[in-house]
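Here are a few short exercises to work through with the model open. Have a go at each one before you read its solution.

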Amino acid sequence: MKGTVKLNSVAEEAKRRLVPAPGFAAAMAAPRPRPFPAAARPLPPSSRPPLRWRPRGRARREEEKGGAGGKGGFGSRRHCCGRSERKRRGRRRRAEVRGPRAGLASGSWRLRGAGEAAAAAFARFAPAMPCVADWLNNPFSIVQGIFAQHTPNSDWEKKVTDYFREKLKENNATNWVPSLNDVPVHYLKPNSLVKFRCMVQDMFDPEFYMGVYETVDPNTNARVLHFGKYRDVAECGPQQEIDMNSSQTVTLERQTFYCVPVPGESAWVKEAYISASQARVSPSTSYTPSRHKRSYEEDEDMEQHPSKQKEQHMGSGGDSHGCGEPKRLETEASAGHHLISPNCSPPLDLNFPLPGEKGPACLVKVYESWDTFKVNDVLEVYGILSVDPVLSIVNNEERDSSTLDPMECMDTAEEQRVHSPPSSLVPRIHVILAHKLQHLNPLLPACLNEEESKTFVSNFMSELSPVRAELLGFLTHALLGDSLAAEYLILHLISTVYARRDVLPLGKFTVNLSGCPRNSIFTEHIYRIIQQLVPASYRLQMTIENMNQSRFIPRKDYTANRLVSGILQLASNTSLVIDETQLEQGQLDTKGVHNVKALGNLITWQKVDYDFSYHQMEFPCNINVLITSEGRSLLPSDCQVQLQPQIIPPNMEEYVNSLLTAVLPSVLNKFRIYLSLLRLLDYSISDEVTKAVEEDFVEMRKNDPESITADDLHRTLLVARFLSLSAGQTTLSRERWLRAKQLEALRKARLQQQKCVNGNEL
């Protein structure tokens, strides 16, 4: 590559100026253990052209003029080679001398000490010592070894996946892998193995990359094959160039997911994952997110005047939304909200569905079986962390380039900015293993089909009755002594959509808890109780302002080519509490009417119609909706329960706090396991019981033909189903059917009584 020649000449000039430190030659000559054969030994990084390819604009014109650029290239819209040398010069300047890297080579080299520089050069070019944790700290060494041993074969990729899959099965090894959910990015080592628990918020277009490429040494004409999988930029050895015309080059395709933490994930879930983690991390010395793009002169000025650096980091106490550096730039930024991009471009929206969310957003690169995943799936991915500053440099140059020909550039500036954000804000994960999460509860085994998990389930089912009794008492106190409402709340919390008949979702059980006090205090504390029991939840305050201003439905932004999130883009089995007690008189505008309609469709059909401007696309969902209201809700529901408080505490906040304090953490964990586990159990009705239910329903219709309808039968069957599951029974019995009829009779009697008192229809 033409641009590499100058970088290599700079490197050689730097080496000639180095004076070896005492003992350096002996150390270099001493035999060292090598983890792989010489042919398989990973080469040190040198000039590294990006693996994503975008032939367009100024770079293409420079290639045609014979300027800095590579030979040939692919016509893919994801091709990104052939940058000018001036544009390739990077920002990272350290005390030691590092080998030149495309996009990171300094415009000016500073050699501070011969011994220090030589030691740095030795550390950079010497092969890594093998250790037990190589697959965690340096997974590329493992991949390199497998690639070198199986290069002629095409199954080396499968062997890499199998290797890491087996490693993660050993002695709870998954707990040793650092998680992006728990650890800030700057505490993680670049190119190390990490995991991420996330929801797929959007899927970008597939991109092409060099799966295998060949480098050549111009002096010796020696050729070496390299793998490009799991990388964002290509690796080369010193004095090597990538042969873009090599017959060994293999172009492959990968899919990019934009992933965010699970929306509304409860605090106890995060704490449980953190307490189970055994990963050891420390602040990374090779990755500094707070230094983004600073000139060489500014670097020199900071060294001569350290006080300026302190002032810059501490801030002047003025406007924190300017273009200055933030105090501390972590991935835990307020989501939904915006982060200041390093080059002071417009704020970067992390596109979280819920307001006030915190956590990292990641670009997840999937190499295999990506068609098995879809938007809103909750995944746990294991992959190689990429936070290479080269990505930011290349993408900033693309955005800063004002001479791009619109006919040549297929991506808009906004699309480039959204799809290639700074890696310090939105890191990349190159997936080795990924799987859908069966549930979100960390207290349950990840997969309930394994033998160890079956033992756990059977042991817990043996003590189910006392757990249910304790949970019923706990919820009865939370609902101010109303045991009937507590029964229906348990049934609601274990409900889930288990099947769909045409467009009808089976298993949904939306409860409207009416009779709530007309203030937000009671419903707020009810939500606090639910938060302590379920893995993910959100409280939607149904006010005129929220209805008219909030974005409920995700929409397609064709300018940025992304899906803009909305409040109703939630993970499966999320509990949505709609607080209708704050609804005042007012007028809904067009957006408010659409939002109310979206809530109705969600409750009735368990689907959300995403807005694609020219059409609407249905996305099925599985969200438990609880509506709290003073009277009957204006939204549809499967079951209305009139609240009848038996006690009125003088101070609601103290009452709820004392209730939560009185419950032991171990008991609270049993409640959480109980509610999550029962959602996953299978259920069936025998032919004998089905016939008995039909006969019973016919008798009910004869006795009261006006009030008993098919909807009553459907609702009673649902109540019977969840009553059976709540008792640990996976089949319907005569006893549970009679109990379901009794509960329904009590509920209807309450509604009739309230109707007589108020004189209006419920």
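Helix axes here are lines fitted to C-alpha atoms over the stretch in contact, and angles run from 0 to 180 degrees between N-to-C directions. Keep in mind that this is a predicted model.

**Exercise 1.** Work out how helices α15 and α17 are oriented relative to each other.

*Solution.* Start with the geometry: the axes of α15 (residues 464-478) and α17 (residues 520-531) come within 11 Å, crossing at roughly 160 degrees. Next, recall the cut-off: angles over 145 degrees count as roughly antiparallel. So α15 is roughly antiparallel to α17. As for handedness, the crossing of α15 and α17 is right-handed.

**Exercise 2.** Find which residues of α15 and α17 meet, and sort them by class.

*Solution.* From α15, pick out Phe-474, Leu-475 and Ala-478; they meet Phe-522, Ile-526 and Ile-529 of α17. Now sort them: this contact has six nonpolar residues, with no polar and no charged ones.

**Exercise 3.** Describe how strands β20 and β21 pair up and what links them.

*Solution.* First, the direction: β20 (residues 607-611) and β21 (residues 616-620) run antiparallel, joined by five bridges. For one pairing, take Tyr-610, whose bridge partner in β21 is Met-617. Then look at the link: the two strands form a hairpin with four residues between them. In that turn, Ser-613 has a positive phi of about 65 degrees.

**Exercise 4.** Say where pLDDT stays under 50.

*Solution.* Begin with the whole chain: its mean pLDDT is 77, and 70% of the residues reach 70 or more. Then check residues 287-337, where pLDDT stays under 50 and the model has 79 contacts beyond four places in sequence. Residues 402-408 are also below 50, with 14 contacts beyond near neighbours in sequence.

Note on methods:
Residues numbered from 1 in each chain as written. Predicted model: local features only at pLDDT ≥ 70, side-chain atom pairs only at ≥ 80, totals over all residues. Heavy atoms only, no water. pLDDT = per-residue confidence, 0-100. Contact = heavy atoms within 4.5 Å. Parallel < 35°, antiparallel > 145°, perpendicular 65-115°, else oblique. Left-handed = near helix turned anticlockwise from the far one by under 90°. Nonpolar A, V, L, I, M, F, W, Y, C, P; charged D, E, K, R; others polar. Pairing = 2+ DSSP bridges.
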